[in-house]
Amino acid sequence: MRDPDSRAGNKLIRLPRWLTSEHPFPWLFPASAMLIVFGLYPVLYSLWLSMFKRNPATRIETFRPSWNWSKVFADDRVIDAVSVTLTYTFIALTIQLVLGLGIALLLDSDRKGFGLLRSLMILPLVVPPAVTGMMFLLMYDGSFGVISHMLYGLGLLSPSTPILAGGTSALWGVIIADVWQWTPFMVLIMLAGLRALPKDPFEAAAIDGATDMQAFFRLTLPMMSKIIALAVLIRGIDLFRIYDYIKVMTDSGPGTATETLTAYAGTIYFKNADFPYASTVALFTLILVVIIANLFIKIFKVRF
Amino acid sequence: MSFKSYDKQTFIIDTANAYTQRKISKRDFLSKMGMAGIGMSAFATGVLGGARPFRGNMAHAAENNTPEDVAKFLKEAGKSFAGTTIRYTSEATPPTVVLDTLKAEFTELTGINVEIEIVPLEQVLAKATQDVQGQLGTYDIYYLDQAWTSTFSRDTIDPVQYYKDKPDLAMPGFDFDDFSKPLVEGICEYDNKWVGLPFDIPIFTLMYRKDLLEKHGIAVPKTYDDFTAAAQMITAAEKENGIFGTGCQAKSGHYSLECDWTQAVWGHGGSIFGADKKFSGNDAEGVAGLQWYQEMLRNSPPNSVASTWDGQWQMGASGQIALCQSWAEFFPGWNADDSKVKGLWEMAHPLQGPHSLRGRGDVGFGEIPNWGHQGGSSIALSKYSKNADAAWLFLQWACSKDIMTRCTLAGGFAPMRNSSYTDPRIVERKNRVGGGTTRHLDTVRWTIDNVMASEPDLPIWAGVANNEIPTELGKLVTGQDYNGDAKACMDQIAKLVDAKVEEAELI
């Protein structure tokens with residue numbers, strides 16, 4: 001940052017105060033600009049777009065502010081998509097949370113080799129979700145997929161019902177891919193929390209004769225509650241807007257069994273080219289996420 | 001050191017270890033992980049955009065036989081565009097894959113660079129939709145499936161008119177009349193305009209395993225009834241050996257399911273729309289067609305309900321099915337060297353009867369009910385292109401007689417131009433078994449010229465054919481809804497489609 005009294009040649013240039021380092025503006029501007037361009041503008045534009053009725057045949061858009069919003073609440077597929085989204089989010093989040101915390105507890109050690117194990121844990125995170133979807137798609141394939149054949153062998157699946165062709169099994173199939181990829185993220189957060197816990201309470205509990213289970217439920221969990229809440233919030237929001245796996249693995253099918261809100265918005269946008277309605281569904285998703293996240297923050301008293 | 005070499009040395013693990021041991025900074029760690037991510041993304045691109053379902057059937061393209069006057073024209077005309085880069089996005093159809101390998105010849109002649117993005121069909125539609133909506137001109141050339149012709153007709157330049165308007169850029173001997181007339185009508189004409197140039201013609205024909213039919217003493221099916229009986233008999237006899245009577249491309253929500261369904265409806269005397277422009281798939285003939293399709297699914301590998309054309313191709317190449325009425329483009333691959341059943345597949349005319357076809361006067365939106373469903377495509381010059389003239393040169397080159405013939409020789413799919421059928425290089429390969437065979441082309445040509453069917457032309461068809469219809473059909477065939485009741489499913493589709501048509505003010 002230039003000094004306000006800096007010189008250029010022989011001339012003294014005095015910068016306006018709001019451009020100097022003492023003023024918050026130069027420090028806030030880059031982040032604010034990013035937020036406006038990539039956050040606020042798309043939302044406002046979507047809001048504007050949602051107020052038009054588009055004729056896909058003529059491509060004429062007429063200003064009808066309530067048209068798409070009425071359509072959202074009357075659309076059976078939106079109602080189904082809300083249900084699928086909530087189910088998907090709840091199941092995946094629960095599994096990832098439990099597994100994440102469990103694995104983090106196992107990896108919370110300074111013994112030799114554990115550093116390597118922690119490093120290996122992050123491997124799934126570097127794989128793009130679309131590739132993960134593709135991998136699982138191939139592994140689930142009813143004719144040559146390794147997972148399908150394993151399940152046939154164990155008698156847990158019949159060859160007449162491919163995993164991704166059944167409503168319930170397809171949803172589970174996608175959730176498993178999500179769990180494989182994102183449980184390590186939970187592990188990392190939980191591990192960071194566990195490593196930061198003070199040792200004194202645990203030593204005191206051990207002297208008092210507390211068992212490991214008692215120490216876990218009475219000390220670890222309460223002390224980790226804020227970390228857990230934060231992890232649930234971050235992953236919950238992420239899961240609510242799931243798109244990649246659904247698109248690659250099931251394309252919302254069979255029927256609409258795996259159609260989440262974002263997947264439905266994508267279908268309306270890319271297949272039907274009804275941009276205003278797709279924007280409305282996307283905004284509806286945003287509103288739901290904001291409401292649920294805030295309810296969660298309030299109920300669980302999350303403080304940042 | 002290249003990323004590949006790093007990868008071999010467990011790049012990610014080493015990097016993570018180095019970071020946890022504080023040997024590298026957080027910035028370096030993130031940057032290296034980003035590098036790994038790019039590598040994985042490249043892998044993803046390869047997986048998602050591969051040359052499916054026709055991989056393994058590409059013979060070497062024949063030698064360059066571009067006429068001297070054409071080569072000279074391209075050199076002269078291309079001079080002023082040297083260094084320009086033109087872009088187009090396409091599905092991994094055989095002509096596109098072959099063209100991608102031949103495009104260097106065009107660049108050598110003209111100095112114009114060509115970037116071809118090969119992505120799945122749904123993404124081609126998405127990219128084209130975004131481009132025309134914003135009138136961006138990101139793509140100079142659009143790959144248009146026949147179901148989208150009317151949707152994008154206003155976004156392209158009529159090539160016939162452009163040829164006349166730009167005589168200095170008109171390729172000598174281009175000869176528009178050489179294009180197969182039924183293909184021009186069925187694929188690229190809309191509202192008396194050429195929306196693009198015919199580029200690819202996957203069309204339904206009957207394909208059968210002669211060894212299995214002979215084994216069970218079954219004659220080659222000619223009608224839907226023959227086909228049903230044969231499929232049932234083979235499934236009953238061979239299911240334990242992992243072989244089914246037929247195979248379908250019935251993935252829920254995918255256009256492939258809509259294509260199968262359309263042919264089933266036409267084949268049973270029905271149509272998608274009636275003369276009153278109302279959806280008619282729920283009438284008696286339409287429902288009979290869907291019920292027949294449900295029966296075929298019972299005689300198909302279970303994975304049919306999770307398969308698009310990729311999966312159906314796999315079924316044929318791996319010897320899982322005995323009969324299939326589907327895309328003729330499968331044939332060269334099923335007979336290629338890496339097919340498990342090389343040389344055992346034969347092709348016949350598509351199934352006809354016993355039901356009569358619905359007349360063109362009894363249907364709406366220009367639909368053409370017939371025995372051979374076509375899924376052709378065209379390549380079209382974007383109205384929003386910033387390099388329209390350079391792209392026009394490429395378009396003419398790509399659809400010129402020599403290049404189209406060479407595409408057929410390499411990929412084995414049906415040519416767009418009549419002259420290709422009589423080209424000595426094509427004729428010479430009629431007895432060949434394996435990659436690059438042309439022994440099926442007479443049947444394909446007969447189907448195109450005599451019994452080619454086309455889906456309706458209406459501007460919202462791309463959406464309806466890719467969303468509402470296959471989604472509801474998917475619910476039925478996977479048992480998600482309707483409890484197997486074809487009529488209930490068709491009634492629901494009728495409700496949805498009629499509402500869309502009405503909303504678009506097309507009725």
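The following exercises, each with a worked solution, concern a predicted model with chains A and B.

**Exercise 1. Overall form of chain A**

Task: Determine how the radius of gyration of chain A stands against that of a compact globule of 304 residues, and describe the chain's extent, domains and burial.

Solution.
- Step 1. For a compact globule of 304 residues one would expect a radius of gyration near 19 Å, whereas chain A has 25 Å.
- Step 2. The C-alpha trace of chain A covers about 80 × 70 × 40 Å along its principal axes.
- Step 3. The domain assignment divides chain A into domain 1, residues 1–42, and domain 2, residues 67–299. Between the C-alpha centres of these two domains of chain A there are 42 Å.
- Step 4. The secondary structure of chain A comprises 12 helices and 4 strands.
- Step 5. Of the 304 residues in chain A, 34% are buried. Among contacts in chain A with a separation of 6 or more, 66% join residues 24 or more positions apart.

**Exercise 2. A helix pair in chain A**

Task: Characterise the packing of helix H2 against helix H12 in chain A by axis distance, crossing angle, handedness and contact residues.

Solution.
- Step 1. The description rests on two quantities, because packed helices are described by the angle between their axes and the distance between the axes.
- Step 2. Helix H2 of chain A spans residues 67–74 and helix H12 of chain A spans residues 275–299; their axes come within 9 Å and cross at roughly 60°.
- Step 3. The handedness of the crossing of H2(A) and H12(A) is right-handed.
- Step 4. On the H2(A) side the contact is formed by Asn68(A), Trp69(A), Lys71(A) and Val72(A), and on the H12(A) side by Pro276(A), Tyr277(A), Thr280(A), Val281(A) and Phe284(A).

**Exercise 3. The side of chain A that touches chain B**

Task: State how many residues of each chain are in contact with the other, and identify which helix of chain A gives the most to the side that touches chain B.

Solution.
- Step 1. The contact involves 40 residues of chain A and 44 residues of chain B.
- Step 2. On the side of chain A that touches chain B, at least two residues each come from helix H4 (114–121), helix H5 (129–140) and helix H11 (261–270).
- Step 3. H4(A) gives the most to that side, with 5 residues.

**Exercise 4. A sheet in chain B and one of its residues**

Task: Establish the strand order of the open sheet of 3 strands in chain B, then decide whether Phe204(B) counts as buried or exposed.

Solution.
- Step 1. The order in this open sheet of chain B is S9-S8-S10, with antiparallel pairing.
- Step 2. Strand S9 (323–327) and strand S10 (345–348) of chain B are the edge strands, each pairing on one side only. From one strand to the next the twist averages 35°.
- Step 3. Strand S8 of chain B, residues 204–209, joins S9(B) through 5 bridges in the antiparallel sense. Within this pairing, Met207(B) is opposite Cys324(B) of S9(B).
- Step 4. Phe204(B) belongs to strand S8 of chain B. Phe204(B) counts as buried because 28 C-beta neighbours lie inside 10 Å, the threshold being 20 or more.
- Step 5. Not counting residues up to four places away in sequence, Phe204(B) touches Gln263(B), Gln325(B), Ser326(B), Trp327(B), Pro350(B), Gly372(B) and His373(B).
- Step 6. Ala230(B) is 26 residues from Phe204(B) in sequence, and their C-alpha atoms are 18 Å apart.

**Exercise 5. Backbone exceptions**

Task: Locate the cis peptide bonds that precede Pro254(A) and Pro354(B), and classify the exposure of Gln135(B) and Phe365(B).

Solution.
- Step 1. These features merit attention because most residues other than glycine have a negative phi, and most peptide bonds are trans.
- Step 2. The bond from Gly253(A) to Pro254(A) is cis, with omega near -5°. Pro254(A) is situated in the loop between helix H10 (244–250) and H11 of chain A.
- Step 3. In chain B, the bond from Gly353(B) to Pro354(B) is cis, with omega near 10°. Pro354(B) is found in the loop between S10 and strand S11 (372–373) of chain B.
- Step 4. Phe365(B) also has its place in the loop between S10 and S11 of chain B. Although not a glycine, Phe365(B) has a positive phi of about 55°. Phe365(B) counts as partly exposed because it has 18 C-beta neighbours inside 10 Å.
- Step 5. Gln135(B), likewise not a glycine, has a positive phi of about 50°. The loop that holds Gln135(B) runs between helix H6 (121–134) and strand S3 (141–145) of chain B. With 10 C-beta neighbours inside 10 Å, Gln135(B) counts as exposed, since the limit for that class is 12 or fewer.

Terms used. Residues are numbered from 1 along each chain as its sequence is written. Chains are lettered from A and ligands numbered from 1 in the order in which they are written. This is a predicted model: local features need pLDDT of at least 70, side-chain atom pairs count only at pLDDT 80 or more; totals for chains, interfaces and linings use all residues. Domain bounds come from an automatic or database domain assignment. Two strands pair if DSSP finds at least two bridges between them. Axes are lines fitted to C-alpha atoms, for helices over the stretch in contact, and angles run from 0 to 180 degrees between N-to-C directions. The radius of gyration is taken over C-alpha atoms; the globule rule is 2.2 Å times the number of residues to the power 0.38. Two residues are in contact if their C-beta atoms, placed from the backbone, lie within 7 Å. A crossing is left-handed if the near helix is turned anticlockwise from the far one by less than a right angle, and right-handed if clockwise.
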